[in-house]
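Please read the following report with the sequence and the structure side by side, and look up each residue as it is named.

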Amino acid sequence: NIIKKPNKSLKIQEGTHFARVEGNDLTLYFEYSGYCKNRKGENGFVFSIGGDVNIPFDKLVCYGFDLLNDPHKTHKIKPFLIKHDGLTKKLKLPFNNSLSKDDQFHIALFCELPRCIKLGKDYITATLFYKDALKIKRFSVFLEFVRNHPKWVRIYDVTSGDPRLIKDLRPKYQQGVSVYYEDKYKNIESEKALVYFFER
């Protein structure tokens with residue numbers, strides 16, 4: 001993910017990644033907020049979605065919301081595919097109204113990736129790729145494992161060079177059949193690739 005063309009038109013101030021693992025199925029939810037720094041404006045937010053199984057875009061359960069204009073999530077927005085349809089898909093989610101320079105935004109994307117997580121050892125990535133000298137104020141990653149709980153979860157930084165172990169991530173809490181993990185950062189670099197490696 002880190003070699004892809006960076007997004008230079010939007011300044012990210014806060015970001016949240018949520019991943020739910022149930023059996024072999026993965027559900028993803030992303031939220032980003034910030035402002036437009038491009039004098040030409042911007043009409044949408046680009047997401048990169050990938051997994052081990054290629055689900056054709058026309059069969060992909062994926063939609064988003066412009067939370068600044070629709071805080072109650074009443075109007076789903078369908079993203080459109082940029083470039084080829086493969087294991088990794090670049091999607092653009094349009095804003096309800098195009099942004100001008102310095103306009104704020106708050107956007108969310110929901111996506112289902114069935115059969116893309118296997119039992120045993122596997123991983124989930126959280127990638128930031130917004131080329132900016134200013135750091136992102138707050139970034140959070142939340143993981144939920146339903147029933148098949150991990151024996152361990154380890155975080156690696158794979159931004160550049162060899163993977164570097166950051167820490168073992170401990171469960172935050174358990175509720176019903178799910179166990180939850182949280183990983184939070186303040187003033188994180190705008191180009192960062194994290195891997196959450198686990199075994200179930």
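The charged end of Arg-154 sits over the ring of Trp-152, 3.9 Å from the ring centre, and Lys-76 likewise lies over the face of Tyr-63, at 4.2 Å from the centre of that ring. A charge counts as sitting over a ring if NZ of Lys or CZ of Arg is within 6 Å of the ring centre and within 35 degrees of the ring normal. This is a predicted model, in which local features need pLDDT of at least 70 and side-chain atom pairs count only at pLDDT 80 or more, while totals for chains, interfaces and linings use all residues. Residues are numbered from 1 along each chain as its sequence is written, and side-chain values use heavy atoms, with hydrogens and water left out.

**The sheet that holds strand 10**

Strand 10 (residues 152–157) pairs with strand 14 (residues 191–199) in the antiparallel sense over 6 bridges, and the bridge partner of Arg-154 in strand 14 is Phe-197. Strands here are DSSP runs of E with at least two residues, just as helices are runs of H or I with at least four residues, and both are numbered from the N terminus; two strands pair if DSSP finds at least two bridges between them. An open sheet is formed by 4 strands in the order 8-14-10-11, with antiparallel pairing. Its edge strands, each of which pairs on one side only, are strand 8 (121–129) and strand 11 (164–168). Neighbouring strands of this sheet are turned by 25° against each other on average, direction ignored, where the axes are lines fitted to C-alpha atoms (for helices over the stretch in contact) and angles run from 0 to 180 degrees between N-to-C directions.

**The sheet of 7 strands**

Another open sheet is built from 7 strands in the order 4-7-2-1-9-13-12, and its pairing is mixed. Here strand 4 (62–66) and strand 12 (173–175) are the edge strands, each pairing on one side only, and neighbouring strands are turned by 15° against each other on average, direction ignored. Strand 1 (residues 10–22) and strand 2 are antiparallel and are joined by 12 bridges, whereas strand 1 and strand 9 (residues 136–146) pair in the parallel sense over 9 bridges. In the hairpin of strand 1 and strand 2, which has 2 residues between the strands, Gly-23 takes a positive phi near 65°. The table lists some bridged residues from the strand pairs of the model.

| Residue | Bridge partner | Strand of the partner | Bridges between the two strands |
|---|---|---|---|
| Glu-22 | Asp-25 | strand 2 | 12 bridges |
| Gly-15 | Phe-139 | strand 9 | 9 bridges |
| Gln-174 | Val-179 | strand 13 | 3 bridges |
| Phe-45 | Leu-93 | strand 6 | 8 bridges |
| Ile-82 | Lys-90 | strand 6 | 3 bridges |

Leu-28 has its place in strand 2 (residues 25–36), and it is buried, with a relative accessible area of 9%. Buried means under 20% relative accessible area, exposed means over 50%, and partly exposed lies in between (1.4 Å probe, protein chains only). Leaving aside neighbours within four places in sequence, Leu-28 is in contact (heavy atoms within 4.5 Å) with residues including Phe-18, Ile-49, Leu-109 and Phe-110.

**Aromatic rings and the core**

The structure holds 13 aromatic pairs, and one of them, formed by Phe-95 and Phe-105, is tilted, with 5.8 Å centre to centre and 50° between the planes. Why does this pair tie together parts that are apart in sequence? Phe-95 lies in strand 6 (residues 88–99) and Phe-105 in strand 7 (residues 104–113), so the pair links parts that are 10 residues apart in sequence. Rings of Phe, Tyr and Trp (its six-membered ring) pair if their centres lie within 6.5 Å, and planes under 30 degrees apart count as stacked, over 60 as edge-to-face and the rest as tilted. Phe-95 and Phe-105 are both buried, and together with Phe-30, Tyr-32, Phe-45 and Phe-47 they form one aromatic cluster.

The largest nonpolar core has 47 residues, and those with the most contacts inside it include Tyr-32, Phe-45 and Phe-105. Such a core is a set of buried Ala, Val, Leu, Ile, Met, Phe, Trp, Tyr and Cys residues joined through side-chain atoms within 4.5 Å. A second, separate core of 6 residues includes Tyr-29, Tyr-63, Leu-67 and Phe-110.
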